[in-house]
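Student: I should like to learn how to read an interface between two chains. Could we work through an example together?

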Amino acid sequence: MKTITIRQISEACGFSVLAGANALDREADRVFCCDLLSFVMGRAPADCAWVTVMGNVNAIAVAVLADTACIVLAENAALDDEARSRADGQGVPVLGSSQPIFDTGLLIQRLLEG
Amino acid sequence: MSQAISFHYDVPGDDFTRAGEASSGVKKALKQVGLAPDIIRNVAIAMYEGEINMVIHAGGGQIDVDITPDAVRMVLKDQGPGIKDISLAMQEGWSTAPDDVRSLGFGAGMGLPNMKKYTDEMTVESTVGVGTTVTMTVFTHPQREAVS
């Protein structure tokens, strides 16, 4: 399966880098969209680009433990200060998108298929 | 690795922001031991769900982790209210979590089912009014088991 770096996702899709700028070389190989952290823990595949609107510190912990490649916050959802600090410390890239969740995921999917 | 490596963690009961510290610590240790990434991920997810359960339902608790050449064994013990009906709690979607927990993205009734899904063995012992002990084991060589 094709992989793309988080840096490529950010540049090609026009997503801002909200945190974890030191980990943008990590690679993603699929997209996963979900807001409910309990579901993400159980169902998100490792190395996915996880699209959500949950920008709290628990989302960062879920990304670390479930091994997602990054978090993409859709709808301009806010990343709170504690989450930003935790993401920087743990090396979790967090991108920001102004688009809705589906459209954000679709942009990444098209990159993966391109 | 010829003998067990053991860790003990005290999980604080009222701090959601610190939930995950124990799981992250164990994840780091397992990476240093050199276990396969999927095994590490299984342990990390199962243990984090356990930590979150302790914070939501039990006012915290204690976690002991033993890493041996064959398995990672986690014992999560709390002195919370206990689980009235364990078989109900094991069903996806069944939850007694309060609304403030749900607004954080948890409390969907996936905790215990996720823990079972990501471990090879799991037992839940609970007494109402006394507390709950969950014991989980992830084998580090599942392919060897399949062959034998």
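Student: How many residues of chain B are in contact with chain A?

Tutor: Let us begin with the extent of the interface. In this predicted model, 23 residues of chain B are in contact with 23 residues of chain A. The two chains bury about 1900 Å² between them, and 52% of that area lies on carbon and sulfur atoms. On the side of chain B, Thr17(B), Arg41(B) and Tyr48(B) supply 29% of the area buried against chain A, more than any other three residues.

Student: How many salt bridges does the rule find across the interface of chain B and chain A?

Tutor: A salt bridge is read from the distance between a side-chain nitrogen of Lys or Arg and a carboxyl oxygen of Asp or Glu, with a cut-off of 4 Å. Across this interface the rule finds two. In one salt bridge, Lys27(B) meets Asp67(A) at 3.3 Å, N to O. As for polar contacts, 13 residue pairs, both residues at pLDDT 80 or more, are found across the interface.

Student: Which elements give two or more residues to the side of chain B that touches chain A?

Tutor: They are helix 1 (21-33), helix 2 (37-58) and helix 5 (111-117) of chain B. Helix 2 of chain B gives the largest share, five residues. Sorted by class, this side of chain B has 10 nonpolar, eight polar and five charged residues.

Student: Where is Asp67(A) placed in chain A, and is Asp67(A) buried or exposed?

Tutor: Asp67(A) is in the loop between helix 3 (57-66) and strand 6 (70-73) of chain A. With a relative accessible area of 17%, Asp67(A) is buried. Neighbours within four places in sequence aside, its contacts in chain A are Arg26(A), Ala46(A), Asp47(A) and Val62(A), and those in chain B are Lys27(B) and Arg41(B).

Student: How many disulfides does a search of the whole structure find?

Tutor: The search finds zero over all chains. For Cys13(A), which is in no disulfide, the nearest cysteine sulfur is that of Cys70(A), 10 Å away. Cys13(A) is buried, with a relative accessible area of 15%.

Student: Why does Cys70(A) form no bond with the closest cysteine sulfur, in Cys48(A)?

Tutor: Here the sulfur-to-sulfur distance decides, and the cut-off for a disulfide is 2.5 Å. The sulfur of Cys70(A) is 7.6 Å from that of Cys48(A), and therefore too far for a bond. Cys70(A) is also buried, with a relative accessible area of 0%.

Methods
Residues are numbered from 1 along each chain as its sequence is written. Chains are lettered from A and ligands numbered from 1 in the order in which they are written. This is a predicted model: local features need pLDDT of at least 70, side-chain atom pairs count only at pLDDT 80 or more; totals for chains, interfaces and linings use all residues. Side-chain values use heavy atoms; hydrogens and water are left out. Contact means heavy atoms within 4.5 Å. Buried area is the accessible area (1.4 Å probe) that two parts lose on being put together, summed over both. A polar contact is a pair of N or O atoms within 3.5 Å; within protein, one must be able to donate a hydrogen and the other to accept it, and residues adjacent in sequence count only if both atoms are side-chain atoms. Helices (H or I, at least four residues) and strands (E, at least two) are DSSP runs, numbered from the N terminus. Ala, Val, Leu, Ile, Met, Phe, Trp, Tyr, Cys and Pro count as nonpolar, Asp, Glu, Lys and Arg as charged, and the others, Gly among them, as polar. Buried means under 20% relative accessible area, exposed over 50%, partly exposed in between (1.4 Å probe, protein chains only).
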